[in-house]
Amino acid sequence: MICTTVRNGEDCVFMSKNGCSYKGGSCNAVVETCTGCNRSKEYETGWYCAAAPDPALKWKNGNCNIATHVTITVKEEKAKHENGNKKRINES
Ligand code: SF4
């Protein structure tokens, strides 16, 4: 249904006839680490994520897995892990 709260006018799975069904009754604003992500969008009410109702939760355990601006970081992390594994294999 179409949101009538903080992301007014956007189609949203949490919207219902009884209003927003997400905890607290609306999405939470993006966090600082979302800066530069193409999924963040400015509304009259502030900046919100088009894909996640609570951006802080997406960053709680590391990088947001659907962010559009951290691809290089993810690749670097993967390379670090692979290099670490090679070292361990060579050490044994
Ligand atoms: S996709 Fe992740 S990084 Fe991008 S705006 Fe949403 S929560 Fe923030």
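Glu42 has Trp47 in β4 as its bridge partner. That pair belongs to a predicted model, so treat what follows as a reading of a prediction. The bridges around Glu42 and Trp47 tie strand β3 (residues 40–43) to strand β4 (residues 46–49), in the antiparallel sense and over 4 bridges.

**Hairpin and overall layout**
- Getting from β3 to β4 takes a hairpin of 2 residues.
- The protein chain holds 2 helices and 4 strands, and walking along the sequence you meet them as β-β-β-β-α-α.
- Take the contacts between residues at least 6 apart in sequence: 36% of them join residues at least 24 apart.

**How far to trust it**
- Average pLDDT for the protein chain is 88, and 80% of the residues score at least 70.
- Which element has the lowest mean pLDDT, and which the highest? Helix α2 (residues 71–91) has the lowest, at 65, while helix α1 (residues 55–58) has the highest, at 98.
- Where pLDDT is low, the predicted coordinates shouldn't be read in detail.

**What's inside**
- Of the 92 residues in the protein chain, 16% are buried.
- The largest nonpolar core is made of 9 residues: Cys27, Val30, Cys34, Cys37, Tyr48, Cys49, Ala52, Cys64 and Ala67.
- As a rule of thumb, nonpolar side chains in soluble globular proteins tend to be buried together.
- Cys34, one of those core residues, is in contact with Ser40, Cys49 and Pro55 once you leave aside its neighbours within four places in sequence.

**Around the ligand**
- How many residues surround the ligand, and which come nearest? There are 13, and the nearest are Cys34, Cys37, Cys49, Cys64 and Ala67.
- Sorted by class, this shell comes out as 10 nonpolar, 1 polar and 2 charged residues.
- Cys34, Cys37, Cys49, Cys64 and Ala67 also turn up in the largest nonpolar core.

**A closer look at Cys64**
- Cys64 is in the loop between α1 and α2.
- Is Cys64 buried or exposed? Cys64 counts as buried because 24 C-beta neighbours fall inside 10 Å, and the cut-off for buried is 20 or more.
- Not counting residues up to four places away in sequence, Cys64 touches Lys58 and Trp59.
- Thr33 is 31 residues from Cys64 in sequence, yet the two are 8.8 Å apart in space, C-alpha to C-alpha.

Technical notes
Residues are numbered from 1 along each chain as its sequence is written. Two strands pair if DSSP finds at least two bridges between them. A nonpolar core is a set of buried Ala, Val, Leu, Ile, Met, Phe, Trp, Tyr and Cys residues joined through C-beta atoms within 7 Å. A residue is buried if 20 or more other C-beta atoms lie within 10 Å of its own, exposed if 12 or fewer, and partly exposed in between; C-beta atoms are placed from the backbone. Two residues are in contact if their C-beta atoms, placed from the backbone, lie within 7 Å. pLDDT is the predictor's confidence in each residue, from 0 to 100. A residue is near a molecule or strand if its C-beta atom, placed from the backbone, lies within 6 Å of it. Ala, Val, Leu, Ile, Met, Phe, Trp, Tyr, Cys and Pro count as nonpolar, Asp, Glu, Lys and Arg as charged, and the others, Gly among them, as polar.
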